[in-house]
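Subject: A structure for you to look at

Hi,

Here is the structure I promised to pass on. Have a look at it first, and then read my notes below.

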Amino acid sequence: MGSLAWKLIGTGGAIVAGIAARKVTIVGWKLLTGNEPPANPEDPDVTWPEAIGFATATGVAVGLARLAWNRKAADYYIKSTGERPKNLQESS
């Protein structure tokens, strides 16, 4: 497994994790608020609290999903190759 495989696993998985997290955030928003989430939080017709709340919830969910995926992918890579991916190697 080489550098290209790591990039595909890491990047591809992070994208999928981000998309899934955004969908979960939308469902969670509907359950918690009873409203549809703002289609575009940057729209001036969206209130500041709603825009900030949705942007924060989405950012946290996507960030955590990508972090979790990358950690699992790195663990798999290390177990498969016996070494860390280049971007995770400690610098001397």
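Let me start with a term you'll need: a nonpolar patch here is made of residues with over 30% relative accessible area and no salt bridge, with nonpolar side chains (Val, Leu, Ile, Met, Phe, Trp, Tyr) joined within 5 Å. Val60, Leu64 and Leu67 make one such patch on the surface, of about 280 Å². Leu67 sits in helix α2, and with a relative accessible area of 47% it is partly exposed. Please keep in mind that this is a predicted model.

**The overall picture**

If you step back, you'll find two helices and zero strands in the protein. The radius of gyration is 17 Å, well over the 12 Å that the globule rule gives for 92 residues, so the protein is more spread out than a compact globule. Along the principal axes, the C-alpha atoms fill a box of roughly 50 × 25 × 20 Å.

How many of the 92 residues count as buried? The share is 21%. The accessible surface comes to about 6700 Å², and carbon and sulfur atoms account for 61% of that. As for contacts between residues at least 6 apart in sequence, 62% of them join residues at least 24 apart.

**Helix α1 and what it packs against**

Helix α1 covers residues 3-33, which is 31 residues. From its first C-alpha to its last it reaches 44 Å, close to the 45 Å expected at 1.5 Å a residue. Right after α1 comes Gly34, with a positive phi near 80°.

Try colouring the buried residues of α1: Trp6, Gly10, Gly13, Ala14, Ala17, Gly18, Ala21, Thr25 and Trp29. What do they pack against? Their partner is α2, residues 48-81.

Thr58 is a good place to zoom in, and you'll find it in helix α2. Buried means under 20% relative accessible area, so Thr58, at 13%, counts as buried. Which residues does Thr58 touch, leaving aside its neighbours within four places in sequence? The contacts are Arg22 and Thr25, and Thr25 is one of the buried residues of α1 listed above.

Now go to Lys72, which is also found in helix α2. Lys72 is exposed, with a relative accessible area of 59%. Lys72 and Gly10 are 62 residues apart along the chain, but 9.4 Å separates their C-alpha atoms. Gly10 itself is among the buried residues of α1.

**Salt bridges**

Side chains of opposite charge can pair when their charged atoms come close. The structure holds two salt bridges.

- Lys30 pairs with Glu36, and their closest N and O atoms are 3.6 Å apart. Lys30 is partly exposed at 35% relative accessible area, while Glu36 is exposed at 55%.
- Lys79 pairs with Asp75, with 3.2 Å between the closest N and O atoms. Both lie in helix α2, four residues apart, about one turn of the helix. Lys79 is exposed, at 66% relative accessible area, and Asp75 is partly exposed, at 33%.

That's what I found. Happy browsing!

Cheers

Key:
Residues are numbered from 1 along each chain as its sequence is written. This is a predicted model: local features need pLDDT of at least 70, side-chain atom pairs count only at pLDDT 80 or more; totals for chains, interfaces and linings use all residues. Side-chain values use heavy atoms; hydrogens and water are left out. The expected span of a helix is 1.5 Å times one less than its number of residues. Buried means under 20% relative accessible area, exposed over 50%, partly exposed in between (1.4 Å probe, protein chains only). Contact means heavy atoms within 4.5 Å. Patches are made of residues with over 30% relative accessible area and no salt bridge: like charges are joined within 9 Å, nonpolar side chains (Val, Leu, Ile, Met, Phe, Trp, Tyr) within 5 Å. Accessible areas come from the Shrake-Rupley method with a 1.4 Å probe; for residues, only the protein chains shown count as cover. A salt bridge is a side-chain nitrogen of Lys or Arg within 4 Å of a carboxyl oxygen of Asp or Glu. The radius of gyration is taken over C-alpha atoms; the globule rule is 2.2 Å times the number of residues to the power 0.38.
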